[in-house]
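Hello,

Here is the structure we talked about. Please have it open as you read; my notes follow below it.

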Amino acid sequence: MSKEVERRIARELARAEAAGSCLCPTSRADRAALERRLGHVRDNPERRIISPMPGLYVRWAHWRLLKQPARCLHLMRGLAALHPDWVFCGPSAAMVHGLSVSWSELRRVHVICGPRDGRRLSGRIVRHQIEGEEPQVVAGLRVTSALRAAFDCMSVMDFPDALAIADSVLRLSGMRNTTLMSLMRRDFRGRRGIARVLATCCWADPRPENGGESVARAIMIERGVALPALQVELVDPLDERRRFRVDFSWLGKDGRPSIGELDGLIKYTGELFSDAMTLDDVLRGERRREARVTAYDARVARFSLDEVRNDESFWKIIELYRIPYGPAPEKVHGIPVFRAHIEGWRPGLGEDDFVTPEGMHVRCRVVAA
């Protein structure tokens, strides 16, 4: 590669990186030059170039510092340059709209395109056929609406990931879950998966601060743990002018409160702490807050999302910290039956009859608290 071509390639890579995109070369000569440089590290490893998707290029030194959401955005912007008519949908669009999407859902890019478009990219592209969807431009990308993206995700995801989407819709929009249900019924009545979506919306709550908290709450619901109070605000016992919040709280059968704190580093889109904060800052703040909580004579359980997902460690935590629970609820369309917001519902009633929002008559043991 001549020095002139190398300088031009370096400028183009830097320009793409500054724009948050992979480089989509505009000439065959540049593409050939980039292909020759792939994986070349003998002279300077920092200059190594990789191709995360055919036709797209980025410096490894830049790519390795990106988290999964940023990598997905780089790919999407590069693909938008390759295919200006493509519209991004599903988890890809949900991420662009700021909804809480698991990082595992962002390893592939979801697009609305023809069945033959991007065939050589099939390993990383998920194609969808969606008719009559008017795209929106968000962050410079053509995407489906936030409501459509939420529906597409919730209709196929399992309950924990679907609830993370629903919670984030409420958190970002300020609407109530009943309003979200009405919008879903209006726009997607009769569509495959609508029953799952509506059942998930019944549990939606805007108070969780991130997708990890929503997933943890969904797993608790599935396993019969009593519904926790969310983001309860407490007065700092050392400074009454200050307030802090705890993720989950329950009142145990012995009258002593139990508090659950989810470890902050959760792999879901959405900011968990500011970019200016270091890991040490986050851990220091969590330790300080936990020390203040003990002044309320509360049991404080710290757990990770992996521990919540693991059945054995989950129940050890529940028993050790005396978090109230009862029989696991029944499921309809793979979603726990809605019972927490029914007027007159009280914990500890034993057998109880009620009707789900979809009109299905259910007899289920309610969770004792």
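**Helix H9 and its surroundings**

The buried residues of helix H9 pack against helix H6 (146-154), H7, helix H8 (177-188), H10 and strand E13 (335-336). This is a predicted model, so please read everything here in that light. H9 spans residues 194-203 and is mostly covered, with 9 of its 10 residues buried. Those buried residues are Ile194, Arg196, Val197, Leu198, Ala199, Thr200, Cys201, Cys202 and Trp203.

**The chain overall**

The chain holds 13 helices and 15 strands. Of its 369 residues, 49% are buried. Take the contacts with a separation of 6 or more: 59% of them join residues 24 or more positions apart.

**The four-stranded sheet**

One open sheet has 4 strands, in the order E8-E9-E10-E11, and its pairing is mixed. Which strands stand at the edges? They are E8 (229-236) and E11 (299-303). Each has a single partner strand, so one side of each is left without a neighbour in the sheet. From one strand to the next, the twist averages 45 degrees.

Two of the pairings show the mix. E9 (residues 239-251) and E10 (residues 257-262) run antiparallel and are joined by 4 bridges. There, phenylalanine 248 stands opposite glycine 260 in E10. E10 and E11 pair in the parallel sense, over 5 bridges. Here serine 258 stands opposite arginine 299 in E11. E11 is an edge strand, yet E11 is mostly covered: 4 of its 5 residues are buried.

Helix H10 (residues 211-223) lies across E8, E9, E10 and E11. H10 runs at about 35 degrees to E9.

**Helix pairs**

H10 also meets H7 (residues 159-173). The axes of H7 and H10 come within 8 Å and cross at roughly 130 degrees. The two helices are therefore oblique to each other. H7 passes H10 in a right-handed crossing. On the H7 side, the contact uses Phe159, Pro160, Asp161, Leu163, Ala164 and Asp167. On the H10 side, it uses Gly211, Ser214, Val215, Arg217, Ala218, Ile219, Ile221 and Glu222. H7 and H10 also both appear among the elements that the buried residues of H9 pack against.

A second pair is H1 (residues 3-18) with H2 (residues 28-37). Their axes come within 11 Å and cross at roughly 90 degrees. H1 and H2 are therefore roughly perpendicular to each other. H1 brings Val5, Glu6, Arg8, Ile9 and Leu13 to the contact, and H2 brings Asp30, Ala33, Leu34 and Arg37.

**Helix H4**

How does the span of H4 (residues 68-82) agree with 1.5 Å a residue? The helix has 15 residues and should span 21 Å. Its end C-alpha atoms are 21 Å apart, which agrees. The buried residues of H4 are Pro69, Cys72, His74, Leu75, Met76, Gly78 and Leu79.

**Single residues to look at**

Most residues other than glycine have a negative phi. Two residues here do not follow that pattern.

- Glutamine 231 is not a glycine, yet has a positive phi of about 50 degrees. Glutamine 231 sits in strand E8, one of the edge strands of the sheet. Its relative accessible area is 10%, so glutamine 231 is buried.
- Histidine 333 is not a glycine either, and has a positive phi of about 60 degrees. Histidine 333 lies in the loop between strand E12 (331-332) and E13. At 47% relative accessibility, histidine 333 counts as partly exposed.

One more histidine deserves a look. Histidine 97 is in the loop between helix H5 (90-96) and strand E4 (109-112). Is histidine 97 buried or exposed? Its relative accessibility is 19%, and the cut-off for buried is under 20%, so histidine 97 counts as buried. Beyond its neighbours within four places in sequence, histidine 97 is in contact with Gln136, Val138, Val143, Thr144, Ser145, Ala146 and Leu172.

Best wishes

Key
Residues numbered from 1 in each chain as written. Predicted model: local features only at pLDDT ≥ 70, side-chain atom pairs only at ≥ 80, totals over all residues. Heavy atoms only, no water. Buried < 20%, exposed > 50% of the residue type's maximum accessible area, 1.4 Å probe, protein only. Contact = heavy atoms within 4.5 Å. Pairing = 2+ DSSP bridges. Axes fitted to C-alpha atoms, helices over the stretch in contact; angles between N-to-C directions. Expected span 1.5 Å × (residues − 1). Parallel < 35°, antiparallel > 145°, perpendicular 65-115°, else oblique. Left-handed = near helix turned anticlockwise from the far one by under 90°.
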